[in-house]
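The exercises below are to be worked with the sequence and the coordinates open. Each task is followed by a solution in steps.

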Amino acid sequence: MNYIEVAIVTTTEASEAISYILENEGASGVAIEDPNDYILMNRDEKGWDYVEPELIESLGNDVKVKGYFPETNYSDELLNRIKFRVDSLIEYGLDKGKGEIITKTVKEDDWANAWKKYFKPFKAGDKVVIKPTWEKYEAQDNDIVIEIDPGMAFGTGNHETTLMCIKLLEKYVKSGYKVYDVGCGSGILGITAAKLGAEDVLCVDLDEVACKVADENVKVNREEKKIEVKNCNLLDAATENVDLIVANIIADIIISFTPQALSFLKPGGIFISSGIISDRRDDVINELNKHRFSILEISQMGEWCAIAAKRG
């Protein structure tokens with residue numbers, strides 16, 4: 001099958017929002033190519049040798065968000081709709097940058113597999129190590145190794161928003177916890193929670209492809225007894241209150257989702273939110289305060305932040 005690659009030249013600030021737009025418009029997979037991610041992580045002493053220098057050089061200076069649409073589902077109307085939504089980001093205070101849109105036809109194998117040579121094992125937290133399923137890694141003492149094949153979900157764990165979530169999960173997940181992972185992508189955060197001791201994890205995503213990939217990664221990590229993956233919007237499939245909710249999405253959705261998160265957390269439960277561009281941090285904090293969450297800590301990496309809050 002052939003796919004149409006829709007690449008949007010933008011900024012780090014707008015990349016997550018554009019990723020959401022492409023997913024919402026039916027992309028089978030979305031990839032964010034942000035040189036700032038790799039440059040920042042390669043300065044981190046713990047970010048040992050997980051990306052090749054040639055990849056950083058090949059990305060240039062522009063941030064590109066790429067969505068892949070089956071050729072049979074692609075149309076000029078779809079492209080115009082994407083362009084309109086990207087142009088409208090200015091209404092939400094986001095800088096779209098150049099906003100240039102480039103399209104090309106690619107074969108499935110070309111976009112689904114070629115990038116794998118750049119994805120190496122790396123330490124994502126104090127204990128958590130992310131290992132591609134096709135790479136070898138000799139675990140060290142206290143390592144918690146999570147095997148991931150992002151497939152078409154493109155969730156490798158090396159984005160700042162995911163790294164901050166992993167570090168916060170390491171700190172706040174307790175043995176026996178029940179956890180919701182909202183916008184699970186490749187399932188990396190839900191699997192992390194399970195490996196850290198959570199006994200019951202529900203991973204949800206609006207993207208069917210992401211759910212399929214997450215389910216496969218759950219099996220690879222042998223966590224089927226603890227983790228269930230469901231295709232739904234936010235917590236529409238939730239049935240009980242839990243100890244912790246993690247949501248790595250975008251600021252606007254976190255803001256609109258906060259009341260639902262509150263209703264599904266136990267008293268004293270933890271809400272970890274990420275995917276928040278720094279300029280929108282105060283907006284999210286204000287919404288959390290409005291619903292009587294107590295801010296426990298705010299993490300910052302590059303232009304992104306993550307917030308850990310406690311239900312009052």
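**Exercise 1. Strand β1 and its partners**

Task: State whether strand β1 (residues 2–10) is largely enclosed or not, and give the count of buried residues behind the answer.

Solution. Eight of the nine residues in β1 are buried, so the strand is largely enclosed by the rest of the structure. The model is a predicted one.

Task: Which strands are joined to β1 by eight bridges, and in what sense do they run?

Solution. Step 1: β4 is joined to β1 by eight bridges, and the two run antiparallel. Ala-7 has Ile-102 of β4 as its bridge partner.
Step 2: β3 (residues 63–70) is also joined to β1 by eight bridges, again antiparallel. Here Glu-5 has Tyr-68 of β3 as its bridge partner.
Step 3: Val-106 belongs to β4 (residues 100–107). Its C-alpha is 6.2 Å from that of Ile-4, although 102 residues separate the two in sequence. Val-106 has a relative accessibility of 12%; the cut-off for buried is under 20%, so Val-106 counts as buried.

**Exercise 2. The chain as a whole**

Task: Give the secondary-structure count, the buried share and the share of long-range contacts for the protein chain.

Solution. Step 1: The protein chain holds 10 helices and 14 strands.
Step 2: Of its 312 residues, 56% are buried.
Step 3: Among contacts with a separation of 6 or more, 70% are between residues 24 or more positions apart.
Step 4: The accessible surface is about 14000 Å², and carbon and sulfur atoms contribute 44% of that area.

**Exercise 3. The nonpolar cores and helix α6**

Task: Which members of the largest nonpolar core touch the most other members, and which helix gives the most residues to that core?

Solution. Step 1: The largest nonpolar core has 59 residues, and Leu-22, Ile-130, Leu-244 and Ile-272 touch the most other members.
Step 2: Helix α6 (residues 160–172) gives the most to this core, namely seven residues.
Step 3: Apart from residues up to four places away in sequence, Leu-244 touches ten named residues' worth of neighbours, including Leu-169, Tyr-172, Leu-265, Ile-270 and Ile-272.
Step 4: A second core of 31 residues is separate, and Cys-232, Leu-234, Ile-253 and Ile-307 are among its members.

Task: Is α6 largely enclosed or largely open, and what span does the helix have?

Solution. Step 1: Of the 13 residues of α6, 11 are buried, so the helix is largely enclosed by the rest of the structure. The buried residues include Glu-160, Thr-161, Thr-162 and Glu-170 as well as Leu-163, Met-164 and Ile-166.
Step 2: From first C-alpha to last, α6 reaches 18 Å, close to the 18 Å expected at 1.5 Å a residue.

**Exercise 4. The three-stranded open sheet**

Task: Give the strand order of the open sheet of three strands and name its edge strands.

Solution. Step 1: The order is β5-β6-β7, and the pairing is mixed.
Step 2: β5 (122–123) and β7 are the edge strands, each pairing on one side only.
Step 3: Five bridges connect β6 and β7 in the parallel sense. One of the bridge pairs is Pro-132 with Ile-148 of β7.
Step 4: Helix α7 (residues 188–195) lies across β6 and β7, and runs at about 150° to β7.

Task: Is Asn-221 buried or exposed, and which residues does Asn-221 touch?

Solution. Step 1: Asn-221 is in the loop between α8 (208–220) and β10 (227–231).
Step 2: With a relative accessibility of 6%, Asn-221 counts as buried.
Step 3: Leaving out residues up to four places away in sequence, Asn-221 touches Val-145, Ile-146, Glu-147, Ile-191 and Lys-195.

**Exercise 5. Positive phi, and a residue of α10**

Task: Where are Asn-142 and Arg-292, and what is the phi of each?

Solution. Step 1: Asn-142 lies in the loop between β6 (128–132) and β7 (144–148). Its phi is near 75°, positive in a residue other than glycine. Asn-142 is exposed, at 64% relative accessible area.
Step 2: Arg-292 lies in the loop between α10 and β13 (293–301). Its phi is near 65°, likewise positive in a residue other than glycine. Arg-292 is exposed, at 70% relative accessible area.

Task: Classify Asn-289 by its accessibility.

Solution. Asn-289 is in helix α10 (residues 281–290). Its relative accessible area is 40%, so Asn-289 is partly exposed. The C-alpha atoms of Asn-289 and Gly-312 are 10.0 Å apart, with the two positions 23 residues apart along the chain counted as their separation.

Notes: Residues are numbered from 1 along each chain as its sequence is written. This is a predicted model: local features need pLDDT of at least 70, side-chain atom pairs count only at pLDDT 80 or more; totals for chains, interfaces and linings use all residues. Side-chain values use heavy atoms; hydrogens and water are left out. Helices (H or I, at least four residues) and strands (E, at least two) are DSSP runs, numbered from the N terminus. Buried means under 20% relative accessible area, exposed over 50%, partly exposed in between (1.4 Å probe, protein chains only). Contact means heavy atoms within 4.5 Å. Accessible areas come from the Shrake-Rupley method with a 1.4 Å probe; for residues, only the protein chains shown count as cover. A nonpolar core is a set of buried Ala, Val, Leu, Ile, Met, Phe, Trp, Tyr and Cys residues joined through side-chain atoms within 4.5 Å. The expected span of a helix is 1.5 Å times one less than its number of residues. Two strands pair if DSSP finds at least two bridges between them. Axes are lines fitted to C-alpha atoms, for helices over the stretch in contact, and angles run from 0 to 180 degrees between N-to-C directions.
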